[in-house]
Amino acid sequence: MNVVRTTPPRPLDVTAVFPQLAPLARTATRLHPRRGAPSAHDSSIGGPLLWPADDPWPHCDAPHEGGDHALAELRLRQRIRASEAMYPDGDPHVPQYTPEEQAVLDRLDSDETWHDSTWLEGPVALLPLAQLYVRDIPLLRPPAQAGADLLQVLWCPFDHPPEKYMPRTVLVWRSAAAVTDILTSPPEPPLVVEDYVPEPCVLAPEQVTEYPSPMELSKELREQIGDWSIWQAADAGVDSSYAPYPDSFYGSHLSVAPGWKVGGWPMWGYTDPAPRPCPACDTPMDPLLSIDTFEWDSSNRSWIPYEDQATTSSTDPRYRDLMRPTEIQIGGGHKQQIYFCPAAPEHPHIELMQ
Ligand SMILES: [Zn+2]
Ligand SMILES: [Zn+2]
C-alpha cells in the first residue's frame with residue numbers, strides 16, 4: 001500500500017468539554033478507498049480475492065429479481081475507466097474505443113436496461129466486495145481458527161426482500177499463507193444491480209478516535225451536548241452558527257467518522273439505535289464493517305483527508321470520484337453495517353441499513 005490518507009485533527013477535544021465521553025472513546029479504521037488496481041495480495045474494495053483454486057465459490061440460492069445491468073458491460077466500463085486513468089487529459093495516446101465498446105458505453109449512458117430473463121434462473125455467484133488483511137487493519141478480530149489473518153467479504157448483488165432491501169453478505173476468514181494456488185477466474189453473476197458492483201479500489205487504512213452518535217448517548221449527556229451555554233462556558237471556539245443546535249456540531253464533526261470503516265461506533269439515523277444481540281449467544285454485537293455510499297458530504301467536510309482537500313471543490317472533476325470512490329450506493333445514500341459477535345467471532349454476523 002503506497003497511498004496515505006490523513007484525517008485532520010477534530011476541531012476540538014470534545015472530552016475537555018464533556019469528560020464523561022472519555023471512557024466511551026473507540027478506535028475505528030477508516031479504509032479510505034481510492035480507485036486503483038489492487039491484486040489478490042492487497043487489501044481492497046472490489047478487487048480480486050486471494051481464493052484457493054480448489055475452494056467452492058459461494059452462491060446465493062434466494063429468489064432474485066430486479067437486476068438492471070449485464071455485469072460484463074459494467075466490467076468493460078471499469079476496464080476503460082482504468083485505462084483512461086493512466087493518461088492525463090489531452091494525452092494523444094488515450095485509447096480509442098472499438099465500435100463494440102462504444103455501443104456498450106452508449107447503452108450504459110442511456111440507462112437502458114437489457115437482459116435475458118433466463119439469467120436469473122438458479123443460484124447467483126457472489127461478487128467480491130472487500131478483502132481486508134489483518135496486517136493492514138490490526139483492529140480486526142479473527143476467529144479462533146488456525147492462522148486466520150484475512151477477512152473476505154462477498155455479497156449477492158441484489159436486494160433480498162422481504163427481510164432486506166440490500167445485498168446479502170457472506171464473510172470468510174482464512175489464512176493467507178495457506179493459499180498457494182489462487183483461483184484466477186471466479187464465476188460471476190451475468191446480471192446485477194449496478195449500485196452493488198464496486199469499482200476496484202486500493203485502501204489507505206487510518207486509525208481515528210470516535211465517540212458515540214448523539215442518538216446513543218444517555219438522555220442526560222444528550223441534553224448537555226445540546227446546551228449551548230456549556231460549550232460557551234468551555235470557551236471551545238465552536239462557530240456560533242451552531243448555537244441553536246450544538247448537538248449537530250458534535251454529531252457531524254466530533255463523534256462518528258463517515259465513509260467505509262472497520263470498528264468504531266455505528267452511525268444511526270435511518271432508524272433509532274436498536275439492540276443487536278448475537279443470534280447464536282445473545283451477546284451484544286460490535287460493528288465490524290461500515291459499507292458507505294459517501295466518504296463525506298456537505299455536513300461533515302472536516303473529515304476530508306488533507307491529501308484530498310485540494311480537489312474538494314465540487315467543480316473539480318475528481319470530486320465525485322473521491323466522494324463516492326466505490327460507486328456503491330445503499331438505499332439511495334445510506335450505509336450497510338455488518339456486526340459481529342465479540343464473544344465468538346465465528347458466530348453468524350448480522351447487517352443493518354443506516
Ligand atoms: Zn441473492
Ligand atoms: Zn455470539
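**Zinc sites, sheet and nonpolar cores**

H347 is partly exposed, because its relative accessible area of 24% falls between the limits of 20% and 50% that bound this class. In this predicted model, H347 contributes its ND1 atom to the zinc ion (ligand 2), whose other protein donors are the SG atoms of C278, C281 and C341, with the donors lying 2.1 to 2.3 Å from the ion. The arrangement is tetrahedral, because the four donor atoms subtend angles of 104 to 114° around the zinc ion (ligand 2). Along the chain, the donors of this ion follow the spacing C-x2-C-x59-C-x5-H. Distant parts of the chain are thereby linked, since C281 belongs to the loop between β13 (261–263) and β14 (286–292), whereas H347, 66 residues apart from C281, belongs to the loop between β15 (335–340) and β16 (350–353). C281 is likewise partly exposed, its relative accessible area being 31%.

The zinc ion (ligand 1) is held by the SG atoms of C60 and C156 together with the NE2 atoms of H64 and H160, at 2.0 to 2.3 Å. This site is also tetrahedral, with angles of 94 to 118° among the four donor atoms, and its donor residues show the sequence spacing C-x3-H-x91-C-x3-H. Of these donors, C60 and H64 are both buried.

Six strands form an open sheet in the order β2-β11-β3-β7-β8-β9, paired in the antiparallel sense. The edge positions are taken by β2 (34–35) and β9 (168–174), each of which has a single partner strand, so that one side of each is left without a neighbour in the sheet. Within the sheet, β3 (residues 44–45) and β11 (residues 201–202) are joined by two bridges in antiparallel pairing, and I45 stands opposite C201 of β11.

The largest nonpolar core comprises 51 residues, and those with the most contacts inside it are L31, L129, L132, L140, W155, L289 and I291. Strand β8 (residues 150–156) supplies the largest share of this core, namely five residues. Because both domain 1 (14–68 + 113–353) and domain 2 (69–112) give residues to the core, it lies between them. When residues up to four places away in sequence are not counted, I291 touches L129, W155, W260, I328, I330, H334, K335, Q336 and I338. Another core, of 16 residues, lies apart from the largest one and includes L12, V17, L217 and W231.

Methods: Residues are numbered from 1 along each chain as its sequence is written. Chains are lettered from A and ligands numbered from 1 in the order in which they are written. This is a predicted model: local features need pLDDT of at least 70, side-chain atom pairs count only at pLDDT 80 or more; totals for chains, interfaces and linings use all residues. Side-chain values use heavy atoms; hydrogens and water are left out. Two strands pair if DSSP finds at least two bridges between them. Helices (H or I, at least four residues) and strands (E, at least two) are DSSP runs, numbered from the N terminus. Donors are N, O and S atoms within 2.8 Å of the metal (3.2 Å for Na, K and Ca); water is not among the atoms, so sites may look incomplete. Four donors count as tetrahedral if all angles lie between 85 and 135 degrees; four count as square planar and six as octahedral if opposite donors are over 155 degrees apart and all others between 65 and 115; anything else is irregular. Buried means under 20% relative accessible area, exposed over 50%, partly exposed in between (1.4 Å probe, protein chains only). A nonpolar core is a set of buried Ala, Val, Leu, Ile, Met, Phe, Trp, Tyr and Cys residues joined through side-chain atoms within 4.5 Å. Domain bounds come from an automatic or database domain assignment. Contact means heavy atoms within 4.5 Å.
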